[in-house]
Amino acid sequence: MGYRWSTALGATVALALGVLGCAIPQVQPQAGPACSSTALPTLDPQTFTFGTDRPAYPPWYIGDDPTNGAGFEAAVAYAVAERLGYAREHVRWVRIPFNTAMAPGPKPFDADLSQFSITDQRREIVDFSAPYYDVAQAVVALRDSPAAAATSQRDLRPLRIGAQVGTTSSEAARSLDATEPVLVYDTNLEAKRALVDGRIHAMVLDLPSASTVVSELSDGVIVGQLPAVAQPAEQLGIVLDKDSPLTRCVSEAVEGLRADGVLDDLERRWLSAGERARVLG
């Protein structure tokens with residue numbers, strides 16, 4: 001996954017700042033001794049370093065500024081940190097491209113939230129936390145595009161489809177078995193530009209991000225969502241270095257946030273705009 005666009009951000013930022021005071025529910029630190037800020041072997045002692053892509057887009061991050069805690073993944077990150085005993089001032093962020101974060105080798109972060117879908121292939125080179133969000137892939141088009149009238153996957157097959165390279169969105173696009181190869185772009189911002197310029201008829205990306213793209217386009221529509229291509233359902237997880245000593249503690253923090261209802265609260269707050277679209281059979 002990966003979500004890259006920039007227009008209409010001012011209104012989103014203003015809205016986020018208006019609710020920022022209640023953006024993150026109160027989370028009580030509940031880590032055991034081995035999972036506390038004083039014991040975890042983080043890159044910097046008693047500091048937790050999160051990574052994310054640049055730019056980082058809504059609704060996952062607001063204003064391309066993860067430090068403000070606004071947006072679903074920013075809020076999840078601070079909630080995880082707080083549960084592990086890290087005060088806000090002991091959390092720092094680094095920016096790293098999506099594909100670089102997924103590459104083998106040591107990471108410049110303790111954990112990264114950039115809409116990484118959990119797959120067995122990726123597990124061979126990185127660790128994932130327990131999942132924090134279930135993903136649906138959606139198709140976005142312009143109203144005057146032939147893709148806008150599609151009611152099934154078959155209707156999309158003669159058309160040019162785009163997606164971000166290296167993502168499960170590009171895999172979902174390829175599952176359409178389109179006549180032409182899927183066109184891939186380094187970012188969703190580039191795919192969006194290709195859509196506006198008419199170089200592609202439609203783009204595939206996750207449903208919350210699709211809602212944001214449509215809100216930024218004067219004539220954009222969500223054509224529908226694609227059925228899951230794998231079971232169990234596609235899920236997002238926090239990425240850590242392979243065999244990281246932090247993985248268990250981060251997973252326990254995520255599972256605790258789910259059990260306490262914090263993840264549901266954050267999802268309603270930040271992703272409610274991603275209403276369920278019809279499934280393209």
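Strand E1, residues 48-52, is largely enclosed by the rest of the structure, because five of its five residues are buried. The model here is a predicted one, and E1 makes a handy place to start reading it. From there, this briefing moves to a five-stranded open sheet, the helices that lie on that sheet, and one more helix with a buried side.

**Strand E1 and its partners**

- Phe-48, Phe-50 and Thr-52 point one way from E1, while Thr-49 and Gly-51 point the other way, and all of them are buried.
- With strand E2 (residues 91-95), E1 pairs in the parallel sense over five bridges.
- If you want a residue pair to find on screen, look for Phe-50, whose bridge partner in E2 is Trp-93.
- Helix H2 (residues 72-83) joins E1 and E2 in a right-handed β-α-β unit.
- E1 also pairs with strand E3 (residues 111-112), again in the parallel sense, over two bridges.
- On that side, Gly-51 has Asp-112 of E3 as its bridge partner.

**The five-stranded sheet**

- Five strands make up an open sheet with mixed pairing, and their order is E8-E7-E9-E6-E10.
- Strand E8 (183-185) and strand E10 (220-226) stand at the edges with a single partner strand each, so one side of each is left without a neighbour in the sheet.
- From one strand to the next, the twist averages 30°.
- As general background, strands of a sheet pair through backbone hydrogen bonds, and the pairing can be parallel or antiparallel.
- E7 (residues 161-164) runs parallel to E8, and three bridges join the two.
- Gly-162 stands opposite Leu-183 in E8.

**Strand E9 within that sheet**

- Like E1, strand E9 deserves a look of its own: five of its five residues are buried, so E9 is largely enclosed by the rest of the structure.
- E6 and E9 run antiparallel and are joined by five bridges.
- E7 and E9, by contrast, pair in the parallel sense, over two bridges.
- Ala-202 in E9 is a useful landmark, since Ala-141 stands opposite Ala-202, and Ile-161 stands opposite Ala-202 as well.

**Helices on the sheet**

- Helix H7 (residues 188-197) lies across strand E6 (137-142), E7, E8 and strand E9 (202-206).
- The direction in which H7 runs is at about 150° to E9.
- Helix H8 (residues 207-216) also packs on the sheet, where it touches E6, E9 and E10.
- The direction of H8 makes about 130° with that of E9.

**Helix H10**

- In helix H10 (residues 262-271), the buried residues are Val-262, Leu-263, Leu-266, Trp-270 and Leu-271.
- These residues cover an arc of only 115° around the axis, which puts them on the same side of H10.
- The general rule behind such a pattern is that an α-helix has 3.6 residues a turn, so residues three or four places apart point the same way.

**The protein as a whole**

- The protein holds ten helices and twelve strands.
- It has 281 residues, and 56% of them count as buried.
- Among contacts between residues at least 6 apart in sequence, 76% join residues at least 24 apart.
- The accessible surface comes to about 11700 Å², and 52% of that belongs to carbon and sulfur atoms.

How values were computed. Residues are numbered from 1 along each chain as its sequence is written. This is a predicted model: local features need pLDDT of at least 70, side-chain atom pairs count only at pLDDT 80 or more; totals for chains, interfaces and linings use all residues. Side-chain values use heavy atoms; hydrogens and water are left out. Buried means under 20% relative accessible area, exposed over 50%, partly exposed in between (1.4 Å probe, protein chains only). Helices (H or I, at least four residues) and strands (E, at least two) are DSSP runs, numbered from the N terminus. The arc is that of the directions from the helix axis to the C-beta atoms. Two strands pair if DSSP finds at least two bridges between them. Axes are lines fitted to C-alpha atoms, for helices over the stretch in contact, and angles run from 0 to 180 degrees between N-to-C directions. Contact means heavy atoms within 4.5 Å. Accessible areas come from the Shrake-Rupley method with a 1.4 Å probe; for residues, only the protein chains shown count as cover. A crossover is right-handed if, with the strands pointing away from the viewer, the path from the first strand over the helix to the second runs clockwise.
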